[in-house]
Amino acid sequence: MKLARWLPWVALLLLAAFPLVAPSLGLDFYVGFVRRVLVFALAAAGLNFILGYGGLAALGHCGFLGVGAYTLVALADAGVHSAWLLWPAALLVAALVAALIGLVALRTRGVYFIMITLAFAQMLYYIAVSLRPYGGDDGYNLMRPTSLGLGLSTLDDGVFYWVVLALFAGAMALFNRTTRSRFGHALMGVRDNETRMRALGFPVGRIQLAAFAIAGGVAGLAGAMLVSHNNFASPSMMHWTQSATLLVMVVIGGVGQRWGGPVGAAVWIGLEEIVKAYTDYWHLPLGVLLIAIVFLAPRGIAGLLEGSSRKMPAAAGVRAGEGAA
């Protein structure tokens with residue numbers, strides 16, 4: 001049995017057991033740290049879905065992260081505190097915003113698609129800055145933690161951790177199923193040869209729009225959980241530099257690799273935490289890592305784990321938005 005078949009299950013079991021053993025090892029702090037990694041891994045997985053399988057290089061994906069975050073903030077400010085209302089609402093609103101933006105952005109190709117997604121993300125950023133009732137540029141502190149029901153809240157580190165892990169695992173299973181479905185194969189077909197797919201009668205525009213909305217909705221869910229994690233929302237989470245960092249995570253993990261997004265998020269955030277302890281110039285070694293990955297492991301770290309027997313599905317999909325309608 002190949003490493004790639006059983007390694008995710010082992011990793012899931014280890015992650016599930018971590019809050020139980022962390023206190024005895026003096027690693028209580030890292031329960032919250034790993035939870036944060038899982039949230040960003042979810043957002044990176046969504047970006048990997050449209051970049052690796054759809055060939056859509058969006059440089060504004062954290063805009064949807066912010067939409068989900070501020071949806072939660074608006075509802076929490078109105079008196080809604082249940083995670084089971086806040087998080088689905090954040091997902092749906094972010095998916096709707098992504099669909100509306102996609103109607104415009106997906107009419108462009110190549111570098112124009114990159115720039116228009118960046119432009120929309122910056123528009124969302126400045127809208128968040130202008131929201132004075134929610135703190136404007138200073139951000140917004142939640143007055144109450146998000147409720148998980150049964151008297152539990154996001155202040156219960158272990159329970160919140162397992163909820164995030166369960167949602168992450170469910171999202172990854174959904175992405176895996178989707179990429180293997182007829183829709184997923186059609187999406188990859190559009191990525192590789194849009195003209196041929198149109199000639200075969202596939203609704204290219206609707207396929208890409210659906211994928212774009214799905215990825216935006218997942219990012220919105222990640223944004224809402226990030227606010228619940230920090231009890232704080234800030235427009236800075238929507239800035240284009242955050243979107244660029246998310247894109248770097250996907251490249252490091254492996255564009256189009258099933259676990260590329262999560263692996264890249266774990267490596268980037270983990271190394272950032274370690275390197276920061278030794279130097280303020282932590283960007284330099286991480287930049288060197290990115291260059292090394294691009295030249296020495298173009299399929300990313302997850303691609304190395306997958307092994308050479310599996311063909312990379314995104315080999316042609318990194319062409320920035322070539323399949324855009």
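This tour moves through a predicted model, stopping at aromatic pairs, open and enclosed spaces, one helix and two loop residues.

**Stop 1: aromatic pairs**

Begin with the aromatic side chains, among which the structure holds 9 pairs. Select Phe49 and Phe175 and display their rings. The ring centres lie 5.1 Å apart and the planes meet at 35°, so this pair is tilted; the edge-to-face class would need an angle over 60 degrees. The two residues connect distant parts of the chain, since Phe49 belongs to helix α2 (residues 29-52) and Phe175 to helix α6 (residues 157-180), 126 residues apart. Phe49 and Phe175 are both buried.

Next, select Trp84 and Trp87. Their ring centres are 5.7 Å apart with planes at 75°, so the pair is edge-to-face. Both residues sit in helix α4 (residues 83-105), 3 residues apart, or about one turn of the helix. An α-helix has 3.6 residues a turn, so residues three or four places apart point the same way. Which of these residues is buried, and which is partly exposed? Trp87 is buried, with a relative accessible area of 2%, whereas Trp84 is partly exposed at 43%.

Before leaving the aromatic residues, select Phe29, Tyr30 and Phe33, which ring pairs join into a cluster.

**Stop 2: the largest pocket**

Select Pro8, Ala11, Leu12, Phe168 and Trp259. The space of interest here is the largest pocket, of about 920 Å³. Its lining has 32 residues, and the five just selected are the closest to its centre. Which helix gives the most to this lining? Helix α1 does, with 11 residues. To see the wider surroundings, colour α1 (3-21), α2, α6, α11 (260-276) and α13 (300-306), each of which supplies at least two lining residues. By class, the lining of the largest pocket comprises 27 nonpolar, 2 polar and 3 charged residues.

**Stop 3: the second largest pocket**

Keep α2 and α11 in view, as each supplies at least two residues to the lining of the second largest pocket, and add α9 (204-230), β4 (232-233) and α10 (240-253), which do likewise. This pocket holds about 450 Å³ of space. To find its middle, select Arg36, Phe40, Leu226, Met237 and Gln242, which lie nearest the centre among the 21 lining residues. Helix α10 makes the greatest contribution to this lining, with 5 residues. The lining residues of the second largest pocket divide into 11 nonpolar, 7 polar and 3 charged.

**Stop 4: the enclosed cavity**

How many cavities of 30 Å³ or more are there? The count is 1, and about 50 Å³ of space lies in the largest cavity. Select its lining: Ala58, Gly60, His61, Gly63, Phe64, Ile101, Thr117, Phe120, Ala121, Leu124 and Phe212. Helices α3 (62-77) and α5 (110-129) each contribute at least two of these residues, and α5 has the largest share, with 4. The lining of this cavity contains 7 nonpolar and 4 polar residues, and no charged ones.

**Stop 5: helix α11 and the loop before it**

Return to α11, now as a whole helix. Its 17 residues reach 24 Å from the first C-alpha to the last, close to the 24 Å expected at 1.5 Å a residue. Select the buried residues of this helix: Gly260, Gly261, Pro262, Val263, Gly264, Ala265, Trp268, Ile269, Gly270, Glu272 and Val275.

Then move to Val255, in the loop between α10 and α11. Is Val255 buried or exposed? Val255 is buried, because its relative accessible area is 7% and the limit for a buried residue is under 20%. Add Ala302 to the selection and draw a distance between the C-alpha atoms: Val255 and Ala302 are 9.0 Å apart in space, although 47 residues separate them in sequence.

**Stop 6: two residues with positive phi**

End with two loop residues. Select Leu150, in the loop between β2 (147-149) and β3 (152-153). Its phi is near 55°, a positive value in a residue other than glycine. Leu150 is exposed, with a relative accessible area of 88%.

Finally, select Asn231, which lies in the loop between α9 and β4. Asn231 likewise is not a glycine, yet has a positive phi of about 55°.

Key
Residues are numbered from 1 along each chain as its sequence is written. This is a predicted model: local features need pLDDT of at least 70, side-chain atom pairs count only at pLDDT 80 or more; totals for chains, interfaces and linings use all residues. Side-chain values use heavy atoms; hydrogens and water are left out. Rings of Phe, Tyr and Trp (its six-membered ring) pair if their centres lie within 6.5 Å; planes under 30 degrees apart count as stacked, over 60 as edge-to-face and the rest as tilted. Buried means under 20% relative accessible area, exposed over 50%, partly exposed in between (1.4 Å probe, protein chains only). On a 1 Å grid over the protein atoms alone, a cavity is a set of points where a 1.4 Å probe fits but cannot get out, and a pocket is an open set with protein on both sides within 12 Å along at least five of seven lines; lining residues have an atom within 4 Å of a point. Grid points are joined across faces, edges and corners, and a volume is the space filled by probe spheres set on the points. Ala, Val, Leu, Ile, Met, Phe, Trp, Tyr, Cys and Pro count as nonpolar, Asp, Glu, Lys and Arg as charged, and the others, Gly among them, as polar. The expected span of a helix is 1.5 Å times one less than its number of residues.
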